[in-house]
Amino acid sequence: MSGYDSSDDDDDVVLLVCVMDSVIRKIRRQSRVPKHVSSFSGHEKMCELITGHEGLLLEHIRMNRDCFHWLVTLFTVQNRLQETHTLTVQEQLMMFLTMVAHGDSNRRTSYEWKHSGETVSRYIDTISSHLVQLASRFIVPPDFDDVSTVIAENRRFFPYFQGCVGAIDGTHIPCVVDADIAAAYRNRKGFMSQNVMAVVDFEMKFTYLVAGWEGSCHDARVLNVATSNPAFMFPHAPEGKYYLVDAGYKNKPRFLAPFRGQNYHLHDRRREDGDRRKEIEEATFNPKDDAVDDGNAEDEVGEASTQQQQQQQHEESNDMRHIRDHIANAMWNDRLD
C-alpha cells in the first residue's frame, strides 16, 4: 500500500467530470429548440408587403410603395445603408418603419423579422441617426412670399386666409424615462410622453419641429420658448403673415387663435348637438315646474365669467383680434350673399 498515490484518483475524477460535461453539452445541443422556426423569413415578409396590396403596406409602414422605393434609393445612393449577407437595404428600412409605425418592442420586431435582438437594435439606431441628419433637408421653413395653391384655388379659404402660412399644434409621443424624472413627463392623460410641437403648411408638409419637452409642459410654453430663443431657429412670419393656432395658444401677433368658447373640433360639435337634442327632449317630455333660482349665486357666476372673458381679451393682441373679426365678418357676409 506504500506505493498508492491519491493524485491518480483525483485525475480520474477530473477526467470523468469533463467527459460527463461534454456529453451533457452535446445532448443539450441536439435537443435545443431553434428560436426562429417559421419558414416565412423576414425577406419573404418584405417581398410580400412590397408586391401585395398597397393598403396592407400602408398599414404596416405608414407610407405607400412609391415613397418607400424613393426612401430606399435615397439611402442607397448616399451610401447610408449597405446590403449585407443577411439583410438587404429594403429589409433594413422595412423593419425600422414597421417598428416605429406601431411602437413595437425589440423582442416583437426580432420575432416578426426573424433576426436577433442585437441585429434589430443596431439597425434601428443606425437608421434613426441617418434620419436625424436628413431632417434639415426636408423640414424647411415655408415660402412666406407666395400664397399656397391650396388656399388660392379654394373658394372656402381665399381670400380670407391668404395671409396664413401654416398651422401649429402640439402632440404627445409616448416615451420611457427614468423613475426619478417620470413625474415631469407624465401628461394630463396619465401616461409618459414628450410634447412635440410641429408646424405644417397647407400641402401637409412639416416646416418646423421641436421635440424633447416634458409631457407635463403646456403647448403655449413650448411655443413661447421656441419663438423667443434664437437657438431654436423658429421661422418667424413676416409682417402681414401669420400661423393658425388652436385655443391652447394665445392670440398674439403673427399667431391667429380661434374665438374663445366656441367648439371647432368635430367631436365637440357632435357632442354639443347631442346635448342640445337631449335638453329639448327632456324639456318636451319631462316638463317641470319652474324652480326659484338663487339670484345671488347666478350673479356671482355671471360676474366671474365676465371678468374671465375681459382678462382673456386683454391678453389677446388687438391687431390679431381685428384680423380674426375681419375674416369672420367677410365669410359671414359672403355666405349671406
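Among contacts in the protein between residues at least 6 apart in sequence, 56% join residues at least 24 apart. The model is predicted. Its secondary structure comes to 13 helices and five strands. Of the 337 residues in the protein, 28% are buried.

The strands are described next. Strands of a sheet pair through backbone hydrogen bonds, either parallel or antiparallel. Here, five strands form an open sheet in the order β3-β2-β1-β4-β5, and the pairing is mixed. At the edges stand β3 (206–214) and β5 (255–256), each of which pairs on one side only. Strand β1 (residues 164–174) and strand β2 (residues 193–200) are antiparallel and share eight bridges. In this pairing, Ile 168 is placed opposite Val 199 of β2. Strand β1 also runs parallel to strand β4 (residues 242–244), with three bridges between the two. Two residue pairs can be named in the pairing of β1 with β4: Cys 164 has Tyr 242 of β4 as its bridge partner, and Ala 167 has Leu 244 of β4.

Strands β2 and β3 run antiparallel and are joined by six bridges. Asn 195 has its bridge partner in β3, namely Trp 213. The two strands β2 and β3 form a hairpin, with five residues between them. Met 204 belongs to the loop between β2 and β3. Its phi is near 60°, a positive value in a residue other than glycine. Met 204 counts as exposed because its relative accessibility is 67%, and the threshold for that class is over 50%.

Two asparagines in loops next to β4 have side chains that reach backbone nitrogens. Asn 251 is located in the loop between β4 and β5. Its side chain reaches the backbone nitrogen of Ala 257 at 3.0 Å. With a relative accessibility of 0%, Asn 251 counts as buried. Asn 229 lies in the loop between α10 (219–228) and β4. The side chain of Asn 229 reaches the backbone nitrogen of Ala 231 at 3.0 Å. Asn 229 has a relative accessible area of 33% and is therefore partly exposed.The helices include two pairs that involve α5. Two packed helices are described by the angle between their axes and the distance between the axes. For helix α2 (residues 42–51) and helix α5 (residues 89–102), the axes come within 10 Å and cross at roughly 80°. This angle makes α2 roughly perpendicular to α5, a class that covers 65 to 115 degrees. On the α2 side, the residues in contact are Gly 42, His 43, Met 46, Leu 49 and Ile 50, and they meet Gln 90, Glu 91 and Met 94 of α5. By type, the residues of the contact of α2 with α5 are four nonpolar, three polar and one charged.

Helix α3 (residues 54–61) also packs with α5: the two axes come within 7 Å and cross at roughly 70°. Helices α3 and α5 are therefore roughly perpendicular to each other. From α3, the contact is made by Leu 57, Glu 59, His 60 and Ile 61; from α5, by Met 94, Leu 97, Thr 98, Ala 101 and His 102. The residues of the contact of α3 with α5 comprise five nonpolar, three polar and one charged. Met 94 of α5 thus takes part in the contact with α2 and in the contact with α3.

The loops on either side of α3 contain further residues of note. Gly 52 is situated in the loop between α2 and α3. Its relative accessible area is 30%, so Gly 52 is partly exposed. From C-alpha to C-alpha, Gly 52 and Arg 65 are 9.9 Å apart in space, while in sequence they are 13 residues apart. Arg 62 is placed in the loop between α3 and α4 (65–77). Although Arg 62 is not a glycine, its phi is positive, at about 65°. Arg 62 is exposed, because its relative accessible area is 51% and the threshold is over 50%.

One cis peptide bond remains to be described. It joins Phe 158 and Pro 159, and its omega is about 10°. Pro 159 is located in the loop between α8 (149–152) and β1.

Definitions and conventions: Residues numbered from 1 in each chain as written. Heavy atoms only, no water. Pairing = 2+ DSSP bridges. Helix = DSSP H or I, 4+ residues; strand = E, 2+ residues; numbered from the N terminus. Buried < 20%, exposed > 50% of the residue type's maximum accessible area, 1.4 Å probe, protein only. Polar contact = N/O pair within 3.5 Å; in protein donor to acceptor, adjacent residues only side chain to side chain. Axes fitted to C-alpha atoms, helices over the stretch in contact; angles between N-to-C directions. Parallel < 35°, antiparallel > 145°, perpendicular 65-115°, else oblique. Contact = heavy atoms within 4.5 Å. Nonpolar A, V, L, I, M, F, W, Y, C, P; charged D, E, K, R; others polar.
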